[in-house]
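Here is a structure to walk through together. Have a look at it first, and then we'll start from a single residue.

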Amino acid sequence: MDLIRIKDVKKTYKTGTTAIYDLDLTIKKGEFVFIIGSTGCGKSTLIKMLYREEKPSSGQILVGGLDVGKIKNRKVYKLRRKIGVVFQNYQLLPNETAYENVAFALEVLGLPKDEVHSKVMKVLDLVGLKNKAKQYPRHLSGGEQQRVAIARAIVNGPKILICDEPTGNLDPETSMEIMDVLEAINELGTTIIMVTHDINIVKKMKKRVVKLDSGRIVKDYKEGEYKDESI
Amino acid sequence: MKAFRILGRNIRDSFKSVFRNFSLSLASISCITITLMVVAVSIVLSFNVTNFTKIVERDVTIVAFLDVDITEEEREKVYDQIIVLDNIEPSNVEFIDKMDISEEMMESSDVFNSIMSEWTREESPIQDTYQIKVTDINLINKTAEEIKDIKNVDIVKYGEGMVEQLVSVFDVIRKVTFGIVIALIIVTAFLIANTIKITIMSRKREIEIMRLVGASNINIKIPFIFEGLILGMFGSIIPIVVTLYGYTALYDHFGGQLFTNFIKLVEPTPFIYLTSLGLLLIGMIVGMFGSSRAVKKYLKI
């Protein structure tokens, strides 16, 4: 079943720059897809359109049956509840503990306290941070902070997890730890789309790889097909 | 239940935010306090002026002195002409017989008694009078003129000049304070908008995350509106206390009247409670109005 279907999508910014040209892409439920390409090739624009941070100029993007381009601004939250997003710089609230950062995602949705507690503890356990729940982000390492961010992104059970260079600030060893966490989440059924520059990760993971160049897909490698190529 | 939990969370966030940007919040609160103090003074002033005007309206009487040698028939005619005037209700026109006036005067003093007891109705230089209360005090001058023009009316007296002047001076004071209050309210609303703008900037990351995790727009906006409301509420505390205790003290100090027993003050209860409620509501509305302006302008989601 196609979870994401992108048809003939073009994105031109108000400045006149076109970031994406006539792009077609389908992603099935449960897939793990890397999106690679050099800086400025349109990777970030592509994923921003998936969670409706940007709107396509033309074409259609369907995410879980929702036509992303047609969602009104005030209804965007409905899409966001189906998607978790993780960034390179973690985006954590500095004055809240790891627990509170993750719980925040559920509290704003109005879940009861005990349900918030059980879900947060479960997800912190999944990312291996159960014993650091009361720590503030400044007391956590980069890898741990990213795991908190991942926990927050998946705590309300999204169908899709979008990761924008989640290992960009991490050393190779920590990066692989993060990848293990992501793989575990993927195995539980969450579709993962990850933008990365790290060729070693892509090689090791042996997942589907979509390569972009100048706003177009130049290659779509099936699982295990990707060989050593420079980005 | 869910809505209540979200609301509870929003209110908690708003309180947190007020204390997080405390210096800025304090500036807004002080501005609201000053505005509401002026509002309180103007409410007190305006209600007292209204009260005073009412008393004047109730008490001020036009006295129409009739010709000394007036016949009963002529007197009736004068009455008929008075009651058809615009500003007069027939029930507010009272005839006072000159003999009754003489008697009253004689009772009040022995000197009067010795002189006046000799007089017969025909001899008496005292005049019969009509005592007339007007409906609209602002038109008293015109009404008095009209009565004066009636045949067999000799002189008309009503404390001319003084009453209208007092009323019009108080009216000017009331209008000027009203203008100042409106201006201050606008300035305060802008200051609150600015406070909320800075709060929005300082919570940019939190707002971004809220959007990412799927908080609805209204959920993101409500804490800021509440914050304005809380600033307004805090700002109204001092003016309310001043009204409650200050006005009661003022009332007691002057014994319920200002300068003369002619100018009576409004009784403190329930006046001070209603005024306090008014101040609280104005504070809250101004706070909410200021913050919703900022949210509309700066919170683009």
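Why does Val116(A) count as buried? Val116(A) has 21 other C-beta atoms within 10 Å, so it is buried (that takes 20 or more of them within 10 Å, while 12 or fewer means exposed and anything in between partly exposed, with C-beta atoms placed from the backbone). Bear in mind that this is a predicted model, where local features need pLDDT of at least 70, side-chain atom pairs count only at pLDDT 80 or more, and totals for chains, interfaces and linings use all residues. Residues are numbered from 1 along each chain as its sequence is written, and chains are lettered from A, with ligands numbered from 1, in the order in which they are written.

You'll find Val116(A) in helix H4 (residues 113-126) of chain A; helices here are DSSP runs of H or I with at least four residues, numbered from the N terminus. Leaving out neighbours within four places in sequence, Val116(A) is in contact with Ala103(A), Leu106(A), Glu107(A) and Leu111(A), where contact means C-beta atoms, placed from the backbone, within 7 Å. Val155(A) sits 39 residues away from Val116(A) along the chain, yet their C-alpha atoms are 9.2 Å apart.

Now for where the chains meet. Chain A brings 14 residues to the contact and chain B brings 18 residues. On the chain A side, helix H2 (76-80) and helix H3 (98-107) each give two or more residues, and H3(A) has the largest share, with three residues.

How sure is the predictor? Chain B averages a pLDDT of 84, pLDDT being the confidence in each residue from 0 to 100. For the complex, the predictor gives an ipTM of 0.81 and a pTM of 0.70.

Methods
Two residues are in contact if their C-beta atoms, placed from the backbone, lie within 7 Å. pLDDT is the predictor's confidence in each residue, from 0 to 100.
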